[in-house]
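Thank you all for coming; I would like to walk you through one structure, with the ligand as our main topic. Please have a look at it before I go on.

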Amino acid sequence: MGRRVSETEPPDAPLSPGLYIVATPIGNLGDITLRAVETLRRCDGVACEDTRVTGKLLKHLGISKPLWRYDDHAGPRDRERLVESIRSRAMVLVSDAGTPLVSDPGYRLVNAVRQEGLPVTVIPGACAAVAGLTLSGLPNDRFLFAGFLPVKDKSRADVLASLSGIDATIVFYETAPRLVKSLTAIAAAMPYREVAVARELTKLHEECRRGLPAGLIAWYEAHPPKGEIVLLVGPPVDHGHEEIDPDALLRAALAEAKPSQAAAQVAKATGMDRRDLYARAMELQKG
Ligand code: SAM
């Protein structure tokens with residue numbers, strides 16, 4: 001285990017002082033790692049966003065530890081108190097779910113601990129962005145994590161415009177009530193990109209739908225989504241130049257739709273003739 005927890009140490013020996021950044025599951029509790037459990041069992045305290053959420057996880061693991069609140073509202077004094085405690089204690093940092101610091105609190109704390117020259121180590125595990133990327137099957141040789149899109153229409157459009165030239169899959173965190181608005185903004189900024197909606201990852205109703213923005217808007221307007229969402233936008237179809245490749249668009253749409261629907265989506269996105277697209281979609285489907 002990083003800095004350490006060696007194989008020769010007794011399993012319940014206290015950990016050496018420092019900050020331990022521990023990832024926790026994003027839904028399925030089976031996704032906690034062995035190192036995470038061991039670290040939680042042997043630490044002196046756990047800094048967490050919500051003591052009820054982390055209390056439940058610890059109870060599930062049969063572990064009882066002092067919980068310190070460290071959330072988005074934490075200020076310099078909360079950090080100082082934690083940094084002081086880390087001089088003599090092994091403190092774990094978790095967030096409600098997934099990897100701390102990834103759209104979650106901890107960035108300033110990690111830097112404060114580093115500045116004091118105190119030890120920091122990481123116990124990696126579940127992260128919704130990576131789970132969504134891998135499940136989507138979109139190109140993953142290059143990807144950009146872009147966090148949550150802004151709520152305001154203008155700011156959201158500006159962010160999408162600034163990202164539209166990037167030759168990589170873009171990964172966003174999203175909420176169910178805002179999904180259609182974000183898809184609509186993506187349809188305006190990047191209508192020809194393949195998009196994936198990865199929902200309820202690792203949970204009972206896990207699903208991943210892929211298609212063009214126009215098709216996904218129609219689907220989610222008819223089937224309002226619930227739960228947690230990772231929204232992914234594939235790279236430009238022609239690697240940087242927004243020229244239209246109808247075959248690539250049709251193939252993307254055909255992943256989730258019948259030829260008639262795929263033709264309608266691509267026609268709406270490109271202004272091309274729907275009947276021509278339908279004929280081509282039938283050919284592509286035959287292979
Ligand atoms: N730090 C966390 C991580 O590493 O996964 C993410 C925290 S962020 C505040 C919460 C967002 O992550 C949600 O709004 C959603 O976009 C995404 N998310 C978390 N769990 C998810 C899940 N099970 N399925 C899909 N998205 C999820």
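What follows is a short description of the domains and then of the ligand and the residues around it.

Please bear in mind that this is a predicted model, in which local features need pLDDT of at least 70 and side-chain atom pairs count only at pLDDT 80 or more, while totals for chains, interfaces and linings use all residues. Residues are numbered from 1 along each chain as its sequence is written, and side-chain values use heavy atoms, with hydrogens and water left out.

The protein is divided into domain 1 (18-126), domain 2 (127-236) and domain 3 (239-287), with bounds that come from an automatic or database domain assignment. Taken over C-alpha atoms, the centres of domain 1 and domain 3 are 47 Å apart.

Turning to the ligand, its shell draws at least three residues from each of domain 1 and domain 2. There are 19 residues around the ligand, and Thr99, Val102, Asp104, Ala128 and Ile229 come nearest, where being near asks for a heavy atom within 4 Å.

Which polar backbone atoms lie close to an oxygen atom of the ligand, at 3.1 Å and at 2.6 Å? The 3.1 Å distance belongs to Glu174, and the 2.6 Å distance belongs to Ile229. A nitrogen atom of the ligand, in turn, lies 2.8 Å from a backbone N or O atom of Thr99; a polar contact here is a pair of N or O atoms within 3.5 Å.

Technical notes
Polar contact = N/O pair within 3.5 Å; in protein donor to acceptor, adjacent residues only side chain to side chain.
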